[in-house]
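Take a look at the model below. Turn it around a few times before reading on.

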Amino acid sequence: MASVGECPAPVPVKDKKLLEVKLGELPSWILMRDFSPSGIFGAFQRGYYRYYNKYINVKKGSISGITMVLACYVLFSYSFSYKHLKTPAGRSWAISEGNSQEGVV
Amino acid sequence: MNESLFTPFITPTVLGLPAAVLVILFPPLLIPTSKHFINNRLIIIQQWLIRLILKQMMTTHNAKGRTWSLMLTSLIIFIASTNLLGLLPYSFTPTTQLSMNLAMAIPLWASTVAMGLRFKAKITLTHLLPQGTPTPLIPMLIIIETVSLFIQPLALAVRLTANITAGHLLMYLIGSSALAMLAINLPLTLITLTILTLLTILETAIALIQAYVFTLLVSLYLHDNS
């Protein structure tokens, strides 16, 4: 955790945080993570509480704590519906050059 | 044509798996719980709101009716949060699906009827005939009252579905028409003003939730207390 100086005893790769893992050790670090259902659930829980304690569970929390979550939710929903939005669906109402009668409601 | 109008209402899937479950499970993340006496601002506001709702809803009930407090409060919180989250762009509103609203309406209504029949069978059955009807009309009126009783869950579900779907569809249509008229620019301000007012009126989705829980409430009250 401390970036000044080295720890006296070497920390095993498995327990290091992501930003401390050297690039060469990255594949072995990924393989040693806990990918069981309880491991994944624990990761979600830790992430949730990290965000919660940083932005919401403070003495003078502001509205930005919630609006960041909602903005991420909008982006997430957009990525879900990207496939449907790729083809422009508003052709019927766009007044094109000559054929304004096609696709009338 | 059909495909383009109703695409916002398609249940989202990822590789065939329903992601609608994730969307339904999202609102509880925004409502934290706390064991402490003094909390952060979010929890204070939400707890104040929940206490207001609880007081407003449960004062008209007797002791037996108040055992339903948790159920009704969580119902109104769920529908309110789901409808409000559906107002965000590109989001999916689960309450636009009739299947979900029927799944909410039928068990709740059936349990109120069952409770009335179990504890006050005679009084519940006499509710089927209004007071002071002339004798020749009695058979017909009983049938009419039974039909109106059985239509209650359908009305609850369809009311919620139709209101939310119609509102979303209207916003979508007006929005895309405003976008199309951007090139012409003439009635642009008028259209965007309409969109703005429509959005604020649509935020009376909460009024709809109120209506949902209140009708459920009325039915519970009638069956339980008479």
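The UniProt annotation "transmembrane region", taken from an unreviewed entry, covers residues 6-31, 67-92, 137-157, 169-188 and 195-222 of chain B. Keep in mind that this is a predicted model. Annotations of this kind may be inferred rather than shown by experiment.

What does the chain do over two of these stretches? Start with residues 67-92 of chain B. Here the chain is 65% helix and 0% strand. The C-alpha atoms at its ends lie 33 Å apart. Now move to residues 137-157 of chain B. This stretch is 95% helix, again with 0% strand. Its end C-alpha atoms are 31 Å apart.

Next, find two helices of chain B. One is α3, residues 41-58, and the other is α4, residues 69-85. Their axes come within 10 Å and cross at roughly 125 degrees. An angle from 65 to 115 degrees would count as roughly perpendicular, and one over 145 as roughly antiparallel. The crossing fits neither, so α3(B) is oblique to α4(B). The crossing of α3(B) past α4(B) is right-handed.

Which residues meet at this crossing? From α3(B) come Ile50(B), Ile53(B), Leu54(B), Met57(B) and Met58(B). From α4(B) come Ser69(B), Leu72(B), Thr73(B), Ile76(B) and Ile77(B). Sort the residues of this contact by type: 8 are nonpolar, 2 are polar and none is charged.

Follow chain B onward to Tyr90(B). This residue sits in the loop between α4 and α5 (98-119) of chain B. Tyr90(B) is not a glycine, yet its phi is positive, at about 70 degrees. Is Tyr90(B) buried or exposed? The answer lies in between. Its relative accessibility is 43%, so Tyr90(B) counts as partly exposed. The cut-offs behind that label are 20% for buried and 50% for exposed.

Now switch to chain A. This chain has 4 helices and 0 strands. Read along the sequence, its pattern is α-α-α-α. Of its 105 residues, 13% count as buried.

Pick out Ser38(A) in chain A. This serine belongs to helix α2, residues 37-56 of chain A. Its relative accessible area is 55%, which means that Ser38(A) is exposed. How far is Ser38(A) from Asn57(A) in space? The two are 19 residues apart in sequence. From C-alpha to C-alpha, the distance between Ser38(A) and Asn57(A) is 25 Å.

Note on methods
Residues are numbered from 1 along each chain as its sequence is written. Chains are lettered from A and ligands numbered from 1 in the order in which they are written. This is a predicted model: local features need pLDDT of at least 70, side-chain atom pairs count only at pLDDT 80 or more; totals for chains, interfaces and linings use all residues. Side-chain values use heavy atoms; hydrogens and water are left out. Axes are lines fitted to C-alpha atoms, for helices over the stretch in contact, and angles run from 0 to 180 degrees between N-to-C directions. Angles under 35 degrees count as roughly parallel, over 145 as roughly antiparallel, 65 to 115 as roughly perpendicular and the rest as oblique. A crossing is left-handed if the near helix is turned anticlockwise from the far one by less than a right angle, and right-handed if clockwise. Contact means heavy atoms within 4.5 Å. Ala, Val, Leu, Ile, Met, Phe, Trp, Tyr, Cys and Pro count as nonpolar, Asp, Glu, Lys and Arg as charged, and the others, Gly among them, as polar. Buried means under 20% relative accessible area, exposed over 50%, partly exposed in between (1.4 Å probe, protein chains only).
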